Amino acid sequence: MRTTSSLKLSWVRFTSCSGCQLMLLNCETSLNELARIVELDAFPLVSSAGDRSEPVDIALVEGSLSTPEEVERLLAIRRHSRLLVAVGACALNGGINALVKGERRSCLAGIYGEQSAGWDSFPPQPVHHFVRVDWQIPGCPPERRELLESLGSILHGGWPGRQLMPVCMECRCNENRCLLVEDHAPCLGPITLAGCNASCPARGVPCEGCRGVVPEANRDELYRLLLETGLSVQEIQHRLERFGGTPHGQADR
Amino acid sequence: MIDALFPSYPLPQDVVDDLLDTIRRDWTFWGPCSGEDEVWRLQPLPEGLWPANAVTTFLTVKKLLLPQRAALWSHDQNSYRKAGAASPVAVIGVPLCDLQAVWYLDQVFAEDEPYLDRRKQLLLIGMPCEPGAECRCSRQLMPLAGDLFVGADRVWALSRAGQGLLLECACGVAEEMPLPWPEGPDGQRSQISEDLFLSSAAASIWFDESQRCLSCGACSAVCPTCYCFDLLDSAALDGSVVRRRAWDNCFFAEHGKVAGGHDFRPGRADRLRFRMEHKLLGFGDLRGQNSCVGCGRCRGVCPAEIDLDRIAEQLHLEVGS
């Protein structure tokens with residue numbers, strides 16, 4: 001039931017798979033509560049109505065941007081939104097979309113054919129390249145717990161407490177076997193932002209870095225360790241870049 | 001401390017069973033268990049499956065005293081609730097070095113209510129261990145906490161609670177005896193003096209080692225005496241609030257940051273030096289107390305093979321006169 005004091009929330013989607021929206025919709029037991037405290041202005045995966053470009057309290061932005069029209073729309077959303085929250089790997093660092101490499105025009109022609117000749121587009125960019133982002137919810141897709149805690153805290157007037165620490169720390173706290181040290185598997189846990197409860201390494205799958213890198217990540221040393229796992233230089237670069245990581249040699253110490 | 005004596009009783013097999021049965025009445029047994037992944041963890045023990053020896057588990061009893069991430073309190077509408085009480089756990093198969101570490105944590109958290117609530121519920125039972133290649137324990141380092149020490153044919157009472165259990169099981173006549181510390185590594189531990197440490201700020205060893213440090217935090221997560229924590233508040237959609245306490249780590253970029261943007265330890269070298277100071281010299285009332293119990297866990301888990309003992313040796317070479 002909407003009340004006069006309910007907050008207006010808009011979910012805005014740029015280029016993405018909509019997996020981030022799906023994660024929120026998967027929080028079935030919390031959707032009633034969410035509907036009680038917010039008024040949805042737009043939520044593409046729920047309704048095709050929406051994006052009325054009205055002022056909202058919170059805009060959740062999913063996806064990366066690659067056209068001038070998208071940037072126009074993002075700027076308008078920023079103007080109309082009290083708070084703007086970037087959600088998911090694509091919005092935070094370009095995500096999988098940013099893997100596209102090579103000269104833009106030939107890339108487009110390769111996928112869309114000759115019709116793309118007049119299109120105006122640029123390589124996929126994260127949201128923070130164009131507007132101020134008030135809060136980030138990382139992940140591909142984001143964790144349900146983090147989505148709910150972030151929304152809950154923001155809707156009630158605060159930021160959720162969180163730790164900017166690597167997946168390694170969560171993995172050790174959970175007493176998982178170390179895939180990097182014990183099995184020489186190419187795990188990106190040492191430089192990847194935690195918050196996923198190390199769910200991939202816990203299942204024996206080396207971390208792929210979907211949540212982006214921690215502040216002051218020591219890429220040089222991880223690069224050296226990944227070489228010891230038997231990966232080639234090119235394989236390592238691909239692995240580190242998969243979710244928008246900066247290639248080796250540009251470490252931000 | 002080297003000659004600390006504890007009441008020791010002979011321990012025939014029937015008395016072992018009696019003792020364990022007596023403990024099981026009031027406590028749930030936890031002990032070292034190895035999974036298919038060959039990682040030893042402290043876990044609830046299947047009934048009747050007692051460890052033969054102490055084991056250097058991945059995490060120590062620290063995880064029961066200061067859980068990795070646990071609620072302190074929650075607030076809902078108009079009511080405020082303290083987190084639920086811990087249930088009684090008897091941890092069996094604890095190595096002596098880990099019992100020293102609990103003594104150290106007891107000093108640090110002497111006035112911390114959530115810690116003390118959990119500590120009261122814990123019965124700690126030490127056992128003899130086989131020292132591994134990484135072990136550097138020392139009986140002279142610090143006293144130890146615990147309630148019982150169960151050896152091959154004798155049992156020691158380390159606390160009044162332990163003594164009470166042994167009297168209940170009619171273990172015979174006590175003799176004051178030292179604990180059977182493992183032979184071997186004793187005395188080979190690294191130490192640094194206050195003077196050496198203070199004059200080491202510009203030593204190249206900090207820079208060299210920190211080049212390799214990933215800041216992954218593994219060393220202090222597995223350290224039995226590392227206790228840094230962060231307080232994290234979050235609200236649910238319905239407005240209920242929970243405050244959690246979660247392990248923090250001095251290698252993380254935000255650990256030394258304070259309001260106003262100042263960072264007490266802006267680089268990895270500063271953080272490595274800080275951790276060394278904390279381990280080997282301590283802070284506050286515990287300044288001067290080396291808190292590295294020599295279990296070797298940090299060396300074993302470091303992806304970059306950073307070793308505090310090696311750093312200490314290098315410091316003596318580089319800075320020592």
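**Close-up views of a two-chain predicted model**

**View 1. A salt bridge sits in helix H7 of chain B****.** B:Glu209 pairs with B:Arg212 in a salt bridge, with the closest N and O atoms 3.8 Å apart. A salt bridge here is a side-chain nitrogen of Lys or Arg within 4 Å of a carboxyl oxygen of Asp or Glu. The two residues are three apart in helix H7 (residues 204–212) of chain B, so about one helical turn separates them. Helices (H or I, at least four residues) and strands (E, at least two) are DSSP runs, numbered from the N terminus. B:Glu209 is buried, with a relative accessible area of 6%. B:Arg212 is partly exposed at 23% relative accessibility. Buried means under 20% relative accessible area, exposed means over 50%, and partly exposed lies in between (1.4 Å probe, protein chains only).

The model is predicted: local features need pLDDT of at least 70, side-chain atom pairs count only at pLDDT 80 or more, and totals for chains, interfaces and linings use all residues. Residues are numbered from 1 along each chain as its sequence is written, chains are lettered from A and ligands numbered from 1 in the order in which they are written, and side-chain values use heavy atoms, with hydrogens and water left out.

**View 2. Two salt bridges in chain A link distant parts of the chain****.** A:Asp57 and A:Arg82 meet through their side chains in a salt bridge (3.4 Å, N to O). A:Asp57 lies in strand E3 (residues 56–62) and A:Arg82 in strand E4 (residues 81–87) of chain A, 25 residues apart. A:Asp57 counts as buried at 19% relative accessibility, whereas A:Arg82 counts as exposed at 53%. The second salt bridge joins the side chains of A:Arg211 and A:Glu146 (2.8 Å, N to O). A:Arg211 lies in the loop between helix H8 (199–202) and helix H9 (219–228) of chain A, and A:Glu146 in helix H6 (residues 144–155) of chain A, so the pair ties together parts 65 residues apart in sequence. Both A:Arg211 and A:Glu146 are buried.

**View 3. Five parallel strands make an open sheet in chain A****.** The strand order is E2-E1-E3-E4-E5. Two strands pair if DSSP finds at least two bridges between them. Strand E2 (38–42) and strand E5 (135–137) of chain A are the edges, each pairing on one side only. Neighbouring strands are turned by 25° against each other on average, direction ignored. Five bridges join E1(A) to E3(A), and six join E3(A) to E4(A). A:Arg13 stands opposite A:Glu62 in E3(A). A:Ala59 stands opposite A:Leu84 in E4(A), and A:Ile58 has A:Leu83 as its bridge partner there. Seven of the seven residues of E3(A) are buried, so the strand is largely enclosed by the rest of the structure.

**View 4. Helices H3 and H6 pack against the sheet of chain A****.** Helix H3 (residues 68–80) lies across strand E1 (7–13), E3 and E4 of chain A, running at about 130° to E4(A). H6(A) touches E1, E2, E3, E4 and E5 of chain A, and its direction makes about 160° with that of E5(A). Contact means heavy atoms within 4.5 Å. Axes are lines fitted to C-alpha atoms, for helices over the stretch in contact, and angles run from 0 to 180 degrees between N-to-C directions.

**View 5. Chain B meets chain A****.** The contact takes 45 residues from chain B and 37 residues from chain A. About 3200 Å² is buried between the chains, 55% of it on carbon and sulfur atoms. Buried area is the accessible area (1.4 Å probe) that two parts lose on being put together, summed over both. B:Leu214, B:Leu237 and B:Arg268 supply 23% of the area that chain B buries against chain A, more than any other three residues. Four salt bridges are counted between the chains. B:Arg271 forms a salt bridge with A:Glu216, with the closest N and O atoms 3.1 Å apart.

**View 6. B:Arg245 makes a polar contact with B:Asp112****.** Their side chains come to 2.9 Å. A polar contact is a pair of N or O atoms within 3.5 Å; within protein, one must be able to donate a hydrogen and the other to accept it, and residues adjacent in sequence count only if both atoms are side-chain atoms. B:Arg245 lies in strand E12 of chain B and counts as buried at 8% relative accessibility.
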